[in-house]
Structures are given as structure tokens and as C-alpha cells.
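Colleague: Could you walk me through the inside of this protein? I have a few questions ready.

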Amino acid sequence: QVQLIESGGGLVQAGGSLRLSCAASVRPFSLHTLGWFRQPPGKERELVASIHWSGGDTYYADSVKGRFTISRDNAKNTVYLQMSSLKSEDTALYYCTARRTDLPLTSMQYYYWGQGTQVTVSS
């Protein structure tokens, strides 16, 4: 079983920054794609960003492009989501996700999920 453990969530003022981390229980190249989803209060789940672990190609939702950066550290089996210029609408429960299947970065199909970490942006 693949385990994904998120950390780094918390309360931050609008305009501030946070970095989320996701540690995977498997070696980096056994997972094709890692991603971050979020679910704001009262809204549907949204794919925020994804990254091809091997090549480093990335995808960002339009709502976060230019503000968020997804990256990975192969040696640490960890994927990060650096969030800057945070807005109130970024408030959500953020989930780390992964899949072994070779699919486009925009695909919503993920098979492994972390427990989620709460990000709250106050104004």
C-alpha cells in the first residue's frame, strides 16, 4: 500500500506563504505522477497542481498559476507545494495524491491519497 503523509498546513494571513510537504512511502520512480488537490468549504474538489516525478513536467490550475509551485525531492521521496500570495479563496483542505499510471498531467485519475492538511487564509 502506498502511504502519503501531508504536513505544513495552517493559518496564514492573506498575501502570505506556506509550503506543504507530502512524504511517500515508496521510491520516487515507482509513482508516475504526484498531485495536489484541494476542496474549499462548500465547493468541489479541484486539481491544483501535478508533477511528473521522473521528468519534472508540471501542471497548474489557472486559479493558482503564477502563485503556487509544485516540486519534488527524489532523495527524500517528497513532493512540495509552495504557496505564495495566498488569498482567502485558497482556504481548503489540501490532499496529496499519486498514481502509477502514465496519464496526462491534467488527468483527474489518482489512486492514492493522503489524509489531507488544512490551509486557512485569513483576511
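Modeller: Gladly! A nonpolar core is a set of buried Ala, Val, Leu, Ile, Met, Phe, Trp, Tyr and Cys residues joined through side-chain atoms within 4.5 Å; buried means under 20% relative accessible area, exposed over 50%, partly exposed in between (1.4 Å probe, protein chains only). This is a predicted model, where local features need pLDDT of at least 70, side-chain atom pairs count only at pLDDT 80 or more, and totals for chains, interfaces and linings use all residues. Residues are numbered from 1 along each chain as its sequence is written, and side-chain values use heavy atoms, leaving out hydrogens and water.

Colleague: Which residues of the largest nonpolar core touch the most other members?

Modeller: That core holds 30 residues. The ones that touch the most other members are Trp36, Leu81, Met83 and Tyr94.

Colleague: Nice. How far apart in sequence are the parts tied together by phenylalanine 37 and tryptophan 113?

Modeller: Rings of Phe, Tyr and Trp (its six-membered ring) pair if their centres lie within 6.5 Å; planes under 30 degrees apart count as stacked, over 60 as edge-to-face and the rest as tilted. Phenylalanine 37 is buried, at 0% relative accessible area, and forms a tilted pair with tryptophan 113, 5.0 Å centre to centre with 45° between the planes. Since one lies in strand β4 and the other in strand β10 (strands are DSSP runs of E, at least two residues, numbered from the N terminus), the pair ties together parts whose separation in sequence is 76 residues.

Colleague: Is tryptophan 113 buried or exposed, or in between?

Modeller: Its relative accessible area is 31%. Tryptophan 113 is therefore partly exposed.

Key: Helices (H or I, at least four residues) and strands (E, at least two) are DSSP runs, numbered from the N terminus.
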